[in-house]
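User: Please take me on a close look at the enclosed spaces inside this protein and at what surrounds them. After that, I'd like to see how the rest of the chain fits around that picture.

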Amino acid sequence: MNDPHPRTSSAPALRRLLDLLASGAATEDFAEVLAAARRQGAPAAVLSEIDDATWQALRVHRTLRQHRRREAELTALFDTAGDLAGSRDLDTVLQAIVRRARLLLGTDTAYLTLPDRAAGDTYMRVTDGSVSVLFQTLRLSLGDGLGGLVAQTARPYATPDYRTDERFHHTGTIDAGVLDEGLVAIIGVPLLLGGQVIGVLFAADRSPRAFSPDEVALLCSLAAHAAIALDTAKSLADTRAALAELNSANELIRAHSAAVQRAEQGHDRLTDLVLRGAEVPDVAAAVAALLDGEITVLDTEGEPLAGRSAPADGLAAAVAASRAEGRSVRHGDAWVCAVLAGQEPLGTLVLRGRPGLDDADRRLFERAGVVTALVLLLRRSVAETENRVRGELLADLLTSPDRDPAGLTARGRRLGVDLGRPHLVLVAEPAGAPGTAAVDRGRLAGAAGRYLFGSRGISAEHGEAVVLLVPDDGTDGPAGSGGPTGPDGALRAAERAAERLARLAGFPVTVGAGRPAAGPPALAASYAEGLRCVRALRVLGRAGDGASARALGFLGVLLGDGHDVDGFVGATLGPLLEYDARRGTELVRTLRAYFDCGGSLTRAKDELHVHVNTVVQRLDRVEILLGRDWNHPERSLELQLALRLQLLSGA
């Protein structure tokens with residue numbers, strides 16, 4: 001039932017207060033209800049009742065506002081927790097926390113600083129609402145400013161006006177940054193993790209303001225979330241680092257496992273090669289395939305036994321270093337490993353195409369050196385045995401070539417030596433001091449075996465010398481000889497043998513070569529010619545040289561069994577004979593007359609019935625064709641002998 005006296009009832013005012021509470025009106029709207037009742041002349045009792053109701057409504061209004069604010073804060077904290085749970089991007093989470101701090105506290109700016117352990121200060125990590133570049137790049141030392149004090153004491157601090165607050169240590173840099181941003185009221189709370197300050201979260205206004213305890217508590221809650229985010233990020237980073245290390249370890253284990261497997265395969269492969277009696281090139285090819293590089297095997301003289309030649313620059317030093325260290329060594333872009341039997345050098349392995357060599361592959365390369373040494377030792381043992389048997393054949397050949405030539409040829413064929421094919425006989429003698437011949441000859445015999453190693457040549461001690469029988473086919477001579485074929489083949493073979501044997505034996509060696517021969521009797525005659533050539537070299541003071549009878553000029557004619565007169569005449573007088581035949585001149589006749597007349601131009605011109613100037617002109621031409629030394633004693637003797645032999649032969 002309606003009140004008949006509305007001005008004397010409080011019911012309308014109470015309904016108005018309820019409406020205001022329901023709509024969330026401002027505080028001043030509640031006071032307007034009591035004022036309206038007074039204007040309407042309500043009784044004192046009604047006014048008192050309305051006043052009490054207004055006070056109660058304001059309490060309810062304040063409680064509801066606090067609940068709404070708390071709800072908003074809790075929502076923000078829940079959202080922040082959701083960000084932490086759903087995001088792995090630290091920058092995104094920190095930016096969201098700073099933005100929520102600014103919105104919940106209703107400040108102009110918010111920012112977060114983190115310590116820089118290396119620099120010993122703190123720096124701006126995230127800002128929101130900032131417009132000053134100077135402020136955004138500000139750095140604070142420990143204890144300086146409000147943030148420095150928060151970091152030092154691990155307690156929150158707030159100021160309604162930072163510029164006039166003397167509780168903080170002001171510095172020109174910090175004050176300049178705060179002034180440039182226009183900040184006045186600032187609140188800062190620590191980011192705590194295990195009691196340690198790991199950063200500071202700030203909110204600031206550009207006008208004076210007092211921050212309530214609730215606002216401080218709210219900012220502390222957001223700071224706690226920021227600390228959790230930083231700790232989570234650190235844990236994730238540590239986890240990622242641990243995973244990366246684990247992956248690296250796994251890769252290392254896989255690589256090591258692969259290397260071990262490759263080493264096992266290499267060991268099995270090399271062992272199989274040795275058991276099957278493989279040769280050095282087979283070992284080199286297998287190692288090259290295992291190491292994916294190029295392998296060269298060199299003998300003790302640096303000559304290739306397998307693969308192509310290796311650069312000589314610095315190689316000897318690298319081999320010496322490998323011998324001293326007992327390991328392979330780096331040599332430019334290549335690897336070098338000395339092949340040793342104990343301390344005796346047998347050769348060298350050179351690996352190219354693999355500048356980077358890990359430990360497993362390096363050990364495999366060094367194991368290849370051991371296998372190569374074993375193969376070389378086996379080959380040398382077999383070669384020494386074969387050479388002993390072949391040496392007996394050679395000794396019988398040189399001692400009794402006419403006793404059973406067919407039997408000697410058959411024996412040779414069974415031993416892999418075809419005596420029916422052309423061979424060169426090289427006679428080598430030590431050129432050492434008297435009294436050391438026997439010792440030196442033994443060393444020379446060993447050097448001859450190593451010199452012929454890998455070829456079809458044979459050697460043996462015979463008399464006072466060591467005799468080498470070398471195939472004269474240009475393919476099966478000693479390694480690197482290139483074969484002794486051609487008109488000067490015997491000379492080249494003797495010179496090379498003298499040089500190599502001297503290096504292998506360690507003392508000078510004199511080598512004489514007979515003419516190429518086939519069949520036991522002819523080979524025995526070639527040996528006799530080579531022996532006379534060695535003796536001639538010794539008499540001439542050329543010990544340590546290599547030569548053939550043909551290369552000794554007229555001495556070769558005297559020493560050689562074949563007495564190649566035409567060859568000697570052609571080699572000595574050839575340029576003059578050709579000139580006379582081509583031009584119709586008489587240079588040979590003029591030279592003979594000059595020598596017959598004892599070198600007298602006057603008597604020679606009478607003998608030739610020409611003017612003396614003609615004789616001079618002809619001898620000048622002789623000098624051009626034969627060289628300026630044609631009239632020296634040794635050369636003139638050869639020329640006179642050649643002229644005499646030409647005259648006697650009727651050429």
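Analyst: Let's start with a term we will need: a residue counts as buried under 20% relative accessible area, as exposed over 50%, and as partly exposed in between. Please keep in mind that this is a predicted model.

First, the setting. The protein chain has 651 residues, and 43% of them are buried. Its secondary structure consists of 21 helices and 16 strands. Among contacts with a separation of 6 or more, 59% join residues 24 or more positions apart.

Now to the enclosed spaces. Searching the whole structure turns up two cavities of 30 Å³ or more. The largest has a volume of about 100 Å³, and 13 residues line it. Nearest its centre you will find Y111, L140, G147, I174 and V178. Two elements give two or more residues to this lining, namely helix 6 (145–153) and helix 7 (172–181). Helix 6 has the largest share, with three residues. In character, the lining is made up of 11 nonpolar residues and two polar ones, with no charged residue.

The second largest cavity holds about 30 Å³ of space. Its walls are formed by T113, T122, L140, G147, G148, A151, V200 and F202. Here the elements that supply two or more residues are helix 6 and strand 6 (196–205). Helix 6 again gives the most to this lining, three residues. The make-up is four nonpolar and four polar residues, and here too no charged one appears.

If you compare the two linings, L140 and G147 are worth finding on your screen. Both belong to the group nearest the centre of the largest cavity, and both are also in the lining of the second largest cavity.

Following the chain on from helix 6 brings us to A154, in the loop between helix 6 and strand 4 (157–159). A154 has a positive phi of about 60°, although it is not a glycine. That is worth a glance, because most residues other than glycine have a negative phi. With a relative accessible area of 28%, A154 is partly exposed, since that value falls between the 20% and 50% cut-offs.

A second residue of this kind is H609, which sits in the loop between helix 19 and helix 20. H609 is not a glycine either, and its phi is positive at about 60°. Its relative accessible area is 69%, so H609 counts as exposed.

The two helices on either side of that loop pack against each other. Helix 19 (residues 601–608) and helix 20 (residues 612–626) have axes 9 Å apart and meet at an angle of about 100°. Helix 19 is therefore roughly perpendicular to helix 20. On the helix 19 side, the contact uses L601, A604, K605 and L608, while helix 20 brings V612, V615, V616, R618 and L619. Sorted by class, this contact has seven nonpolar and two charged residues, and no polar ones.

Earlier in the chain comes helix 18 (residues 587–596), which is mostly covered, with eight of its 10 residues buried. The buried residues include L587, V588, L591 and F595, and also R592. After helix 18 comes G598, whose phi is positive, near 70°.

For a contrasting helix pair, turn to helix 1 (residues 11–23) and helix 2 (residues 27–39). Their axes come within 10 Å and cross at roughly 175°. That angle makes helix 1 roughly antiparallel to helix 2. A13, R16, L17, L20 and L21 of helix 1 make the contact with D29, F30 and V33 of helix 2. By class, the residues of this contact are six nonpolar, two charged and no polar.

One last stop is L377, in helix 11 (residues 359–399). Its relative accessibility is 32%, so L377 counts as partly exposed. Beyond its neighbours within four places in sequence, L377 is in contact with A341 and L346. A341 is 36 residues away along the chain, and its C-alpha atom is separated from that of L377 by 7.9 Å.

Coming back to your request, helix 6 is the element to keep in view: helix 6 gives the largest share of the lining of the largest cavity, and helix 6 also gives the most to the lining of the second largest one.

Conventions: Residues numbered from 1 in each chain as written. Predicted model: local features only at pLDDT ≥ 70, side-chain atom pairs only at ≥ 80, totals over all residues. Heavy atoms only, no water. 1 Å grid on protein atoms, 1.4 Å probe; cavity = no way out; pocket = protein on both sides within 12 Å on 5 of 7 lines; lining within 4 Å. Points joined across faces, edges and corners; volume = space filled by probe spheres on them. Helix = DSSP H or I, 4+ residues; strand = E, 2+ residues; numbered from the N terminus. Nonpolar A, V, L, I, M, F, W, Y, C, P; charged D, E, K, R; others polar. Axes fitted to C-alpha atoms, helices over the stretch in contact; angles between N-to-C directions. Parallel < 35°, antiparallel > 145°, perpendicular 65-115°, else oblique. Contact = heavy atoms within 4.5 Å. Buried < 20%, exposed > 50% of the residue type's maximum accessible area, 1.4 Å probe, protein only.
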